[in-house]
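Colleague: Could you walk me through this model, one feature at a time? I would like to learn how you read each kind of feature before we move on to the next.

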Amino acid sequence: MKKDTIVVIGAGAAGLMAGIAAARQAPDLEVVVLDGATRLGAKILIAGGGRCNVTHCAVSERDFHGSTPAAIRRILRAFDVEATRAFFAAQGVTLKQEATGKLFPVSDKARDVLDALVGAARTAGVTLQHPQRVVGVHASDDGRFVVETSQGTRLPAGAVVLATGGRSVPKTGSDGAGYGLARDLGLPLTPRIFPALVPLRLPDGHLLRSLSGLSTEVRLVVASSTGRHLHAVTGSMLCTHQGLSGPAVLDVSRVWQAALADDPGTALLVSWLPDASPEDLDRRFQQHGARPMRRALSPPLPERLAEAVCQLAEVDPDQSAATLTRDARRRLVATATAWRAPVTGTRGFEVAEVTAGGVPLSALTGELEARHCRGLFVCGELCDVDGRIGGFNFQWAWASGTVAGRAAAARLTSGTKDPVSR
Ligand SMILES: Cc1cc2nc3c(=O)[nH]c(=O)nc-3n(C[C@H](O)[C@H](O)[C@H](O)COP(=O)(O)OP(=O)(O)OC[C@H]3O[C@@H](n4cnc5c(N)ncnc54)[C@H](O)[C@@H]3O)c2cc1C
């Protein structure tokens with residue numbers, strides 16, 4: 001006979017980890033993980049292009065946005081990259097590090113990561129139930145909870161862990177319902193919840209949309225209306241049939257949106273030649289002689305992109321440098337080093353890799369327990385924590401899930417029946 005029950009809502013990366021941590025720590029507790037999806041782990045399976053970028057060799061609070069760095073650091077330190085490596089190794093999944101610092105399973109199969117988590121959960125005695133969509137969590141004055149599912153089940157619990165993820169790629173099951181559950185339980189949410197690590201749109205018919213599939217190394221700068229550089233990223237940018245994507249664009253998308261909300265004059269500036277200063281480039285163009293201008297940019301740019309950059313500057317790509325007016329040359333220098341991308345918005349939650357905003361860590365203790373409600377824990381993407389591209393979001397899920405799961409177990413095994421402050 002189990003002593004009490006922990007219900008974890010959501011069997012994604014964070015929820016599975018929370019269930020495993022809780023069951024390992026307190027085998028005499030019943031740990032039930034519920035998920036609304038028919039098939040578990042959709043997001044793990046699509047992650048990293050089906051290879052699942054499990055973590056990064058170096059993870060720190062500086063790789064994240066949202067809640068305060070100190071609060072994020074505390075959780076990351078409780079379950080670090082070495083702990084992640086060791087956890088998966090113990091399940092038979094060795095991680096390999098790539099040149100970028102990203103860690104993947106040696107098999108390059110996301111399925112192995114999901115199987116490892118589900119296997120570890122079953123071995124620890126976790127009960128996985130799905131499809132079981134949670135429609136309500138009721139907290140009573142005696143410090144207990146009742147979790148209600150769309151199938152009409154009512155599960156009593158001594159502790160509840162919310163691990164419902166954010167709103168990105170809702171068809172995976174993370175459709176934002178968790179925010180409603182959190183709000184109904186009295187948890188605060190950030191004023192804005194928006195897509196992050198998301199491709200950006202350019203206007204219909206924009207020249208770069210016709211170059212879909214071309215990618216190049218760029219430097220992207222988010223600049224305020226007064227010209228102050230707020231954030232810069234160097235990396236690969238991909239032209240798509242809708243606008244701009246690629247790692248550098250995904251990484252900059254969050255800061256760009258947040259800055260734009262405060263300052264409508266915010267600009268996204270693209271330096272097509274990240275290593276060249278405007279002065280270098282002006283000199284290079286002046287020395288280019290009778291050759292066509294597109295040749296002054298390609299290489300390093302792919303030829304079609306070099307032509308496009310000339311066209312964006314309203315310079316004929318076939319015109320020779322020698323016949324270029326000073327104004328035209330300066331226009332081309334400005335376009336090549338700080339082109340103001342006419343971004344019309346993002347491609348939204350449908351394709352965003354992560355959600356920015358959520359439950360602020362300030363509303364939770366260092367063990368991720370709600371300050372206002374004993375026995376209620378929050379972890380994963382539902383928290384106001386989002387990382388840059390490279391395995392950081394999963395590391396947050398592993399770490400925060402472990403912290404919340406252990407603390408939920410400790411809450412029910414500590415022997416104290418503290419009156420619940422609600
Ligand atoms: C295309 C794509 C690729 C990505 N690649 C990477 C990568 O390679 N590396 C990386 O670090 N990050 C990556 N991410 C981000 C990463 O997948 C997420 O940050 C991480 O999965 C979040 O884990 P989570 O457990 O908090 O939420 P989720 O994984 O979203 O899990 C939440 C779970 O809760 C369930 N749920 C929601 N509401 C309810 C409810 N009411 N009742 C019951 N169940 C519910 C959902 O069905 C879901 O299974 C990627 C994301 C996407 C979309």
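**Reading the model together**

Modeller: Gladly, and let us start at a loop: E314 sits in the loop between α10 and α11. Please keep in mind that this is a predicted model.

Colleague: Thanks. What is the phi of E314, given that it is not a glycine?

Modeller: Phi of E314 is positive, about 55°. The residue comes just after α10.

Colleague: And is E314 buried or exposed?

Modeller: Its relative accessibility is 66%, and exposed means over 50%, so E314 counts as exposed. There is a useful case to set beside it. V169 also has a positive phi, near 45°, and is a residue other than glycine. V169 lies in the loop between β11 (159-162) and α6 (177-184). Its relative accessibility is 12%, and therefore V169 counts as buried.

Colleague: Let us go back to the helix before E314. Which residues of α10 are buried?

Modeller: Helix α10 spans residues 303-312, and its buried residues are L305, A306, A308, V309 and C310. They pack against β14 (215-223), β15 (229-239), α9 (294-297) and α11 (326-338).

Colleague: What lies in the loop between α9 and α10?

Modeller: P299 is found there. The peptide bond joining S298 and P299 is cis, with omega about -10°. A cis bond also links H130 to P131, with omega near -5°. P131 belongs to the loop between β7 (127-129) and β8 (134-139).

Colleague: Now the cores. How should I think about them in general?

Modeller: In soluble globular proteins, nonpolar side chains tend to be buried together. Here the largest nonpolar core has 86 residues, and I6, L117, L162 and W398 touch the most other members. Helix α12 (residues 392-413) gives the most to this core, with twelve residues. Apart from it lies another core, of 45 residues, among them L200, W272, L305 and V309. Two of those names are familiar: L305 and V309 are among the buried residues of α10.

Colleague: What is I6 in contact with, leaving aside its neighbours within four places in sequence?

Modeller: I6 is in contact with A22, L29, E30, V31, V32, A159, V161, A408, A409 and L412.

Colleague: W398 came up in the core. How do I read an aromatic pair?

Modeller: A pair of aromatic rings is described by the distance of the centres and the angle of the planes. A search of the whole structure finds six aromatic pairs. In one of them, the ring centres of F88 and W398 are 5.3 Å apart with the planes at 70°, so this pair is edge-to-face. F88 is in helix α4 (residues 81-90) and W398 is in helix α12, so the pair ties together parts that are 310 residues apart in sequence. Both F88 and W398 are buried.

Colleague: Which residues form one aromatic cluster with F88 and W398?

Modeller: F87 and F394 join F88 and W398 in that cluster. Rings can have charged partners too: R51 lies over the face of F104, at 3.8 Å from the ring centre. Likewise, R192 lies over the face of F194, at 4.3 Å from the ring centre.

Colleague: Let us finish with strands. What holds a sheet together?

Modeller: Strands of a sheet pair through backbone hydrogen bonds, either parallel or antiparallel. One open sheet in this model has three strands in the order β3-β6-β5, with antiparallel pairing. β3 (55-56) and β5 (95-97) are the edge strands, each pairing on one side only. Between β3 and strand β6 (residues 102-105) there are two bridges, and T55 stands opposite L103 in β6.

Colleague: How many bridges join β14 to β15?

Modeller: Nine, and the two strands run antiparallel. A223 stands opposite H229 in β15. β14 and β15 form a hairpin with five residues between them, and G227 in the turn has a positive phi of about 95°. β14 is also joined by five bridges to strand β17 (residues 267-271), again antiparallel; here V221 stands opposite L269 in β17.

Colleague: And that leads back to our helix.

Modeller: Indeed, the buried residues of α10 pack against β14 and β15, among other elements.

Methods
Residues are numbered from 1 along each chain as its sequence is written. This is a predicted model: local features need pLDDT of at least 70, side-chain atom pairs count only at pLDDT 80 or more; totals for chains, interfaces and linings use all residues. Side-chain values use heavy atoms; hydrogens and water are left out. Buried means under 20% relative accessible area, exposed over 50%, partly exposed in between (1.4 Å probe, protein chains only). Helices (H or I, at least four residues) and strands (E, at least two) are DSSP runs, numbered from the N terminus. Contact means heavy atoms within 4.5 Å. Two strands pair if DSSP finds at least two bridges between them. A nonpolar core is a set of buried Ala, Val, Leu, Ile, Met, Phe, Trp, Tyr and Cys residues joined through side-chain atoms within 4.5 Å. Rings of Phe, Tyr and Trp (its six-membered ring) pair if their centres lie within 6.5 Å; planes under 30 degrees apart count as stacked, over 60 as edge-to-face and the rest as tilted. A charge sits over a ring if NZ of Lys or CZ of Arg is within 6 Å of the ring centre and within 35 degrees of the ring normal.
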